Amino acid sequence: MDVTANAAERLFIRRPDGWLTRMFDNKAFLVTLCMLPTAGLLLIFLTYPLGLGLWLSMTDATIGQPGHFIGLQNFVSLSQDPIFWMSVTNTIMYTVVATIGKFLLGLWLAMLLNNYIPFRAFIRAIVLLPWIVPTVLSAIAWWWIYDPQFSIISYLLVNVLHLRSTYIDFLGAPWNARGSLVVANIWRGIPFVAITLLAGLQTISPTLYEAALLDGANGWQRFRRITVPLLMPILSVALTLSVLFTFSDFQLVYAITRGGPFNTTHLMATLAFQRAIPGSQLGEGAAIAVAMIPFLIVATLLCFYGVGRRKWQQGAGND
Amino acid sequence: MTDTITDAAEPGPLARAVQDEPERPSWDSQAKRVVTLYIPLALFVIVLLFPFYWMTITALKPDYEMYDYAKFSPFWVHSPTLANIDKLLFHTNYPRWLLVTMSVAVASTFLSVAASVLAAYAIERLRFKGAQHVGLAIYLAYLVPPTILFIPLATMIFQFGLFNNPISLVLTYPTFLVPFCTWLLIGYFKSIPYELEECALIDGASRLQILKRITLPLAVPGLISAGIFAFTLSWNEFIYALAFIQSTDRKTVPVAILTELVTGDVYQWGSLMAGSLLGSVPVALIYSFFVEYYVSSLTGAVKE
């Protein structure tokens, strides 16, 4: 650090102050200047649209036509719409099942990767691939894997392992389609969970496990009493982010089933899109999107709870 | 004694694998290691990578092979062909879509990183009154998913006259890029000792000089992380591109593959897979060069 300081000393030969330099030494000016681009972008393209979305949900706007205020009529008609209610239950089920799957498998993978294994860095790198590749593109690969006639899973089960006699209609029946979507979502979510949890695992000091071993703790006790509590802070943040993004998922379902068969696999996001853009009922689509907000707020509160607890556990001040 | 027998009987990769472990395990625990560690790990790797393998070999198969599992084992390519890729590159707008995606991703990344680095610097380093709350607000902004914003944004884009114009994407992608990058960079600035700046202040440097000569150069790894991450996120973005762009020659790769290559009831799986493969290559390439940055920004973003 000394070297850097000395280098800095040589760099700053004080020149007569130009007006620009003086302006930049004015803190208020500097703060305004620095915050301006971000504040501008987020206020115009994030905060304003949030309010506009609320307003649109109470109008009968269509594409190319601003629409009139109609109060809560959109919400009333949605509450009588069985497809909407199915999209709500689908979204909740999709989120719950996929999240549980992702976290169980991701935690397992993280614990596997936390061992001494050859080429660990390489394995960690390729394991993250499903998360890097554009969702829609890997979803198209899943679509092909789920093809009714040429599904490779069916081929494996029927022609290679002889476990079944007929090909599975993955996307043709509602429950099969829902299950297939959840599997694809879990597949895509495992890397994120595994890599973040692995980072958490690596911060746990091995001496804790050694101490527990000396005290005669078995594997489960070590997992339950050391790994889980110390992993909790990072786990709760990853969990909330994952829940949030799974709940508002759009790409995977749009690419694989587009809500079909017969609108039985719509999530709230895909239904909002279908009503708003191809169906051109902007008001109704906005109402569906607004209906997602209460769920998202609950998830966000959980996130702050997690973040807060993390700071407290580490004993770090609220700097 | 067991150790020497193990070594003599099994000098394979397993013996080498455990070399850096403090104690040499007995044969028993090596067998256990295979069952509890290597087999599950291999299964994970196979399942996580299989869709990409399947994508690749389908893209390389000729049609007669692709739909005839009885004659040709589907797990391998018997007579590889570049016909699908050729068709995609020279008989569709694919190069055009790649160009659009690339320009949108580069422009929005540049815009977002520039805005974020300033915001992160102000929040973490200038420590103005209320900086905490601004940081919190930006974090909250990250939690707003694009799926609840795209409808009002579509009406705004329409009013701005930017509908069907890729500039609309450059302007809207920062809604999810800026919060993420700012959050990442705040964490990064935190890791740079404040004393360095104080030293420079005492030596008579102006704030502008400090930012230019000390903070930014030290934050370069953070900037790279934010940049490649923002690039990947923009490359992957789907819903805005789907909602705001209509003409064929202005679509981004993910949208174009799904809307332009899927025609009628007969799916051209060969070209669909070739399109997905080629669309994944740019991000996969960048990823392969910057793996460590991805891992650190992914975990850093969650930790902060």
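A: Before we start: two residues are in contact if their C-beta atoms, placed from the backbone, lie within 7 Å. Keep in mind that this is a predicted model.

Q: OK, so which residues does L197(A) touch, leaving out those up to four places away in sequence?

A: On that count, L197(A) touches G106(A), L107(A) and A110(A), and also L231(A), I234(A), L235(A) and A238(A).

Q: And how do I read the largest nonpolar core: which residues touch the most other members?

A: The general idea first: in soluble globular proteins, nonpolar side chains tend to be buried together. Here the largest core has 166 residues, and I140(A), A194(A), L197(A) and I256(A) touch the most other members. Helix α6 (residues 94–126) of chain B gives the most to this core, with 14 residues. From chain B, the core draws at least three residues from each of domain 1 (2–81) and domain 2 (87–303).

Q: How many residues of chain A are in contact with chain B?

A: Interface size is often given as the accessible area lost when the parts come together. Counting residues instead, 80 of chain A are in contact with 84 of chain B. On chain A's side, helix α3 (residues 27–56) brings the largest share, 16 residues. By class, that side has 64 nonpolar, 12 polar and 4 charged residues.

Q: What about a single helix: which residues of α12(B) are buried?

A: An α-helix has 3.6 residues a turn, so residues three or four places apart point the same way. In α12(B), the buried ones are R207(B), Q209(B), I210(B), L211(B) and I214(B). Helix α12 (residues 207–218) of chain B reaches 15 Å from its first C-alpha to its last, close to the expected 16 Å.

Terms used: Residues numbered from 1 in each chain as written. Chains lettered and ligands numbered in written order. Predicted model: local features only at pLDDT ≥ 70, side-chain atom pairs only at ≥ 80, totals over all residues. Helix = DSSP H or I, 4+ residues; strand = E, 2+ residues; numbered from the N terminus. Nonpolar A, V, L, I, M, F, W, Y, C, P; charged D, E, K, R; others polar. Core = buried A, V, L, I, M, F, W, Y, C linked by C-beta atoms within 7 Å. Buried ≥ 20, exposed ≤ 12 C-beta atoms within 10 Å, placed from the backbone. Domains from an automatic or database assignment. Expected span 1.5 Å × (residues − 1).
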